[in-house]
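Colleague: I would be grateful for a close look at one part of this model, namely its salt bridges. Please set them against the rest of the fold.

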Amino acid sequence: MNFLLRKLWFVIFSLLIFSMESEWCNGEETGDEEAIMEKTEKEALYNAIQGFVGNSWNGSDLYPDPCGWTPIQGVSCDLINEFWYVTDLSIGPLHDNSLTCTKNPEFRPQIFELKYLKSLSFYNCFISPQNLITLPTNNWEKLATRLETLEFRSNPSLIGSLPTVFSDLQQLQSLVLIENGITGTLPTDIGNLVHLKRLVLSGNNFTGRIPETIGSLKELLILDMSRNSLSGYLPTSIGYLNSLLKLDLSNNLLMGDIPSNIGNMKNLTLLDLRGNNITGGLTKSVEELESLQELVLSDNPIGGEISKIDWQKLQNLMILDLSNLGLSGEFPKSMIKLKKLRYVGLGNNHLTGYLPSEIANMSGVSAVYVNGNNLTGELKFSEVFYQRLGRRFGAWNNPSLCYTSGLMSTRHSPIGVKPCKSEDIFVNTTMKYELSSENGNVLRQHAAWIPSTTASNSLNPDIISSLGLSSCKIEGFWWSFLVESLMIVTLLNYFL
């Protein structure tokens, strides 16, 4: 009976496979095989691509169609109403078989006929200094209902200002313009892009102020306007971006105080304001950035006390760069309680006092720079600490700072820091004897310990004279002879 059942299942399974193979052979597996690209869509795509890669391109790379079995990198489609439509177009050498631009690329109006386009990006396409090109200022409204991502990366020959019509792209979630030649001011209408989650405008030539309307982008997660020539004060509206994760405004010409409401950005993990003209001291609200992992404020004339911030509140902090800010005060011991801290940059400030030896207990720290300050005293770190950090421990240009050499190898000594010299040499100079009424002749020794601050280990001349000796320097054999003689005299007086 079991044998018959197994045989029956085998027959049924074979018939099922045969039926499926018949459907595949007749092209009836799915509707995708039968789907084609609408003629107007295909013509618009081919014409737009030819504008960037040259008229010699005939579309053979997209055979049998742009969304068939042999698509090239950079063209993606979706099936809409039984037709293929382009949803993603990327131009530039991102991949081995990507569409590479000609020396004289151009924007053709047909690109705006791709009505279902969601993502449009150009990488290293406009690079010829003999063929400068500006961003189109018309027809962007045709893409307004669907375009979510617009990117231009590494296009030095792409010049001109940011078109105000970009503000009509109401569905835009990512606007990325990195290392292009774009100039001019930021349009105030940029605040209309309320669905933006990423706004990256770094490495261009933008000038003027950051508009206050930037505070309207409440869904923004990443804001990067670094490496431009933006000036003026930091807009207080930045404090309204409560969803922001990363804020990078470094290497501009920004001035004034850090806004006090910056502490409202509880989700912020990166704050980078280095290389500006920011003043007014460290704002207390920085310590409210409980999610902060990287704080980089270097190369600003901020000034003020470093201890103004209760650093131990920033328990997620991993990177701290406060170098060249004109900060004063001592190394904050509250920093030592930051268990996740890996990098400490406090170089080129006006810090004073000692460097706490507890820094060595911060097991996660791999770099500490306190060079160019007014630190004093003795570095009391072990050779293991210097060996672990190596050249990543910087304490040079602190004239009154030294390290304990001991048996330490010079190979692991801190760079640019001198070894400490002995400051207290104690010499037993006089002996006084007193009679004890209870114990008879008992020696009570009173030593006059005289510190010597001279560079060499020489005795104090006044003490030498009191011993009836010349005030010349005593070294070598005579030093040993003198010490041994004093010890013999002491012992004889004690036992006789």
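Modeller: The account below takes the salt bridges in turn and then places them in the wider fold.

The coordinates are those of a predicted model. In it, the structure holds 10 salt bridges, and three of these pairs are described here in detail, beginning with K142 and E113. The closest N and O atoms of K142 and E113 lie 3.0 Å apart, and the two residues form a salt bridge. This pair links distant parts of the chain, for K142 and E113 are 29 residues apart. K142 sits in the loop between β5 (133–134) and β6 (149–161), whereas E113 belongs to the loop between β3 (83–91) and β4 (119–123). As to exposure, K142 counts as partly exposed because its relative accessibility is 41%. E113 is likewise partly exposed, with a relative accessible area of 41%.

A second pair also bridges loops. E219 forms a salt bridge with K197, and the closest N and O atoms are 3.1 Å apart. Again the pair links distant parts of the chain: E219 lies in the loop between β9 (205–208) and β10 (222–224), K197 lies in the loop between β7 (174–185) and β8 (198–200), and the two are 22 residues apart. E219, at 33% relative accessibility, falls in the partly exposed class. The relative accessible area of K197 is 32%, so K197 is partly exposed.

Salt bridges that share partners also join E151, R153 and R198 into one network. Within this group, the side chains of R153 and E151 meet in a salt bridge with an N to O distance of 3.1 Å. Which of these two partners is buried, and which is partly exposed? E151 has a relative accessible area of 12%, and because buried means under 20%, E151 is buried. R153, by contrast, is partly exposed, with a relative accessible area of 27%.

The surroundings of these pairs may now be considered, beginning with the chain as a whole. The protein chain comprises 5 helices and 27 strands. Of its 496 residues, 43% are buried. Among contacts with a separation of 6 or more, 55% are between residues 24 or more positions apart. The exposed area of the protein chain is about 26500 Å², of which carbon and sulfur atoms supply 53%.

The nonpolar interior provides a second setting. The largest nonpolar core has 115 residues, and L199 and W311 are those with the most contacts inside it. Helix α2 (residues 39–53) contributes the largest share of this core, 7 residues. Leaving aside residues up to four places away in sequence, W311 touches L282, L295, I306, L320, L322, P332, S334, M335 and L338.

One sheet completes the picture. Five strands form an open sheet with parallel pairing, in the order β18-β20-β22-β24-β25. Its edge strands are β18 (328–330) and β25 (418–419), each of which pairs on one side only. Strands of a sheet pair through backbone hydrogen bonds, either parallel or antiparallel. At one end of this sheet, strand β24 (residues 400–403) and β25 pair in the parallel sense over 2 bridges. The bridge partner of C402 in β25 is K418.

Key
Residues numbered from 1 in each chain as written. Predicted model: local features only at pLDDT ≥ 70, side-chain atom pairs only at ≥ 80, totals over all residues. Heavy atoms only, no water. Salt bridge = Lys/Arg side-chain N within 4 Å of Asp/Glu carboxyl O. Helix = DSSP H or I, 4+ residues; strand = E, 2+ residues; numbered from the N terminus. Buried < 20%, exposed > 50% of the residue type's maximum accessible area, 1.4 Å probe, protein only. Core = buried A, V, L, I, M, F, W, Y, C linked by side-chain atoms within 4.5 Å. Contact = heavy atoms within 4.5 Å. Areas by Shrake-Rupley, 256 points an atom, 1.4 Å probe, with all protein chains shown as cover. Pairing = 2+ DSSP bridges.
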